[in-house]
Amino acid sequence: MTTLLWFRRDLRLGDQPTIHAALAQSDRVVAVFVRDPRLDEVAGPGRRWYLTASLSALNEQLDGRLWIAAGDPAAVIPELARTLGARSVHICRDSGPYGRDRDSLVAAALRRGDPAVTLHQSGSPYAIEPGTVRKPDGTAYRVFTPFYRAWCALGWPPPLPSATPTWLPPPPALAAAAALTAWRAELPPSPAAHVVAGEVTAIERWRSFRPALVDYRTLRDRPDVNGTSRLSAHLRWGEIHPRTLLDDLTTAPGDEAFRREIAWREFYADVLAGSPDSARTSLARGWDGMGWDDPRDLALLPAWQAGQTGYPMVDAGMRQLSATGWMHNRVRMIVASFLVKDLHLHWRHGAAWFMHHLHDGDLASNSHGWQWVAGSGTDAAPYYRVFNPVRQGLTFDPDGEYVRTWVPELAHLPGPAAHEPWRHPAGAAGGYPERIVDHAQRRALALARYHAARGRPLPD
Ligand SMILES: Cc1cc2nc3c(=O)[nH]c(=O)nc-3n(C[C@H](O)[C@H](O)[C@H](O)COP(=O)(O)OP(=O)(O)OC[C@H]3O[C@@H](n4cnc5c(N)ncnc54)[C@H](O)[C@@H]3O)c2cc1C
């Protein structure tokens, strides 16, 4: 008997519950990935290049035995199961809104084809499956710190041992190598064409970063140094499971800080699983009534997207994103605050741009990262906490190194002067643009709207 293992965002062989579940049914397993046109639409070229690199790495680990099909999974998976005579299809549970709907359609289609064929869900991309950590009264947490305590107290199992079924080779029409070559030929050129992805790279990255956790607490907010793990895309695509990381952590302060960051990812997935609409709408509905997207403000969006706002820290971040598909967390917060509180644009515009460009683009972390900054989400920073992009730059990039790396027009400005080119006689010599808005004025206007929406008087 043959069984089917359908890979989605769990592109690894180690610590893989689906392999164990498939093996429990049969030793003969078909490893398949379905190229779903609906998911293709939302990812920009960078993320699609990343995915092809990750699939290529998985195919290599499988000695060329990965199958790639294309089309609506609710049609493709039952058809494959029927052709192969498979009695079960194994997947890792997806708690996102699209994934959940897709999987119930696939399960229903399988049952319609043959009531004896089942869709088995095992494991999840999280240490603890979203929807599991609950308050004593059974409701979901809306605030991170108590979630974190309950999440730690609940705990997670250790990583699973490796298991190796007999992977069946694909027919030529479904061979991954050819499918990936054709897929890549369709993609526009991108710096991500040369990205290195996959489980082996993820594990190497974790091993080489692990000793640096000793400095994580002090360096994690500094975009000018390599102080974070850069594991986000690997986690996003399941090339490494968070359990593997957590299993290596101790109670040392740096390890503890890192565990908290992993828990933010779990928290946001939990919130999204409980409130699927929060992917696109504000959890705090009143926030939407504050009057966003005046056409004059919307006209400023392209400058933000292109890193041409005249605020060096914002522009450096946006250019880093376009060039690499990644942006430092501190800078994500700065550019997000700027879009919402300086440009007065709805967070959805920023979230969509991020999802298009980030290799680690993840609906839960992204939508809720944006809402945290906007002040419309769970456990949100209060709306009136507005990041000053210059002060943030001077604090977290004190020598201007990060800004000069991504904004070459400022390369001639020494040290922290790169954060305030308008104060320097030669500030515009490299062709750097003027500021598109006045931060102090825009902040005051944002706060005025906030207080008006809440019916409270303005503070002095
Ligand atoms: C507006 C905004 C949008 C974001 N969008 C995404 C996104 O689409 N995908 C994504 O993975 N992260 C997102 N983040 C969270 C965070 O910026 C990235 O996870 C982090 O920068 C990745 O770099 P790293 O792997 O070096 O992080 P590290 O500091 O090494 O952290 C380790 C891991 O913990 C998780 N993590 C860390 N911080 C956060 C956080 N604040 N929220 C959720 N998970 C976290 C990530 O999986 C990360 O890889 C967003 C943050 C903001 C403010």
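Which domains is the protein divided into? There are three: domain 1 (1–123), domain 2 (126–158 + 199–274) and domain 3 (278–454). Notice that domain 2 is written as two stretches of the chain, 126–158 and 199–274. Before we go on, keep in mind that what you're looking at is a predicted model.

Let's start with the whole thing. The protein has 21 helices and 6 strands. Its C-alpha atoms fill a box of roughly 75 × 50 × 45 Å along the principal axes. Is that what a compact globule would give? For 460 residues, the radius of gyration of such a globule would be near 23 Å, and the protein has 23 Å, so the two agree. Of those 460 residues, 43% count as buried. The chain also folds back on itself a good deal: if you take the contacts with a separation of 6 or more, 76% of them are between residues 24 or more positions apart.

Now to the strands in domain 1. Strand β4 (residues 88–91) is a handy place to begin, as both of its faces are covered. Ser88 and His90 are buried on one side, and Val89 and Ile91 are buried on the other. β4 has a partner in strand β1 (residues 2–7), with the two running parallel over 2 bridges. One pair to look for there is Leu5 with His90, its bridge partner in β4. β4 also pairs with strand β5 (residues 118–121), again in the parallel sense, this time over 4 bridges. Here you can pick out Ser88, whose bridge partner in β5 is Thr118.

Another pairing is worth a look. Strand β2 (residues 28–35) and strand β3 pair in the parallel sense over 5 bridges, and Arg35 stands opposite Ala70 in β3. Strand β3 (residues 66–70) is mostly covered, with 4 of its 5 residues buried.

A helix comes next along the chain: α4 (residues 73–84), which holds Ala74. Ala74 has 21 C-beta neighbours inside 10 Å, so it counts as buried; the cut-off is 20 or more. Setting aside neighbours within four places in sequence, Ala74 is in contact with Leu105, Val106 and Ala109. For a sense of scale, try finding Leu343: it sits 269 residues from Ala74 along the chain, and their C-alpha atoms are separated by 42 Å.

Follow the chain out of β4 and you'll meet Ser95, in the loop between β4 and α5 (97–113). Is Ser95 buried or exposed? It counts as buried, because it has 20 C-beta neighbours inside 10 Å. Leaving out residues up to four places away in sequence, Ser95 touches Arg100, Ser124, Pro130, Gly131, Ala269 and Ala273. Leu272 shows how far along the chain you can go and still come back to this loop: it is 177 residues from Ser95, yet their C-alpha atoms are separated by 8.2 Å.

On to domain 2 and domain 3. Their C-alpha centres lie 25 Å apart, and 17 residues of domain 2 are in contact with 21 residues of domain 3. On the domain 2 side, α10 and α12 each supply at least two of the touching residues. The largest share, 5 residues, comes from α12. By type, that side of domain 2 divides into 8 nonpolar, 2 polar and 7 charged residues.

Helix α12 also holds Arg259. Although it's an arginine, Arg259 is buried, with 20 other C-beta atoms within 10 Å. It touches Leu246 and Leu249, not counting residues up to four places away in sequence. Tyr148 is 111 residues from Arg259 along the chain, and the two C-alpha atoms are separated by 9.5 Å.

That leaves the ligand. Where does it lie? Domain 2 and domain 3 both give residues to the shell around it, so the ligand lies between them. In total, 28 residues surround the ligand, and the closest are Thr228, Ser229, Ser232, Asn366 and Gly369. The elements giving two or more residues to this shell are α10 (232–236), α12 (253–274), α16 (329–342) and α18 (363–374). The shell is a mixed one by residue type, with 11 nonpolar, 9 polar and 8 charged.

Key:
Residues are numbered from 1 along each chain as its sequence is written. This is a predicted model: local features need pLDDT of at least 70, side-chain atom pairs count only at pLDDT 80 or more; totals for chains, interfaces and linings use all residues. The radius of gyration is taken over C-alpha atoms; the globule rule is 2.2 Å times the number of residues to the power 0.38. A residue is buried if 20 or more other C-beta atoms lie within 10 Å of its own, exposed if 12 or fewer, and partly exposed in between; C-beta atoms are placed from the backbone. Two residues are in contact if their C-beta atoms, placed from the backbone, lie within 7 Å. A residue is near a molecule or strand if its C-beta atom, placed from the backbone, lies within 6 Å of it. Ala, Val, Leu, Ile, Met, Phe, Trp, Tyr, Cys and Pro count as nonpolar, Asp, Glu, Lys and Arg as charged, and the others, Gly among them, as polar. Domain bounds come from an automatic or database domain assignment. Two strands pair if DSSP finds at least two bridges between them.
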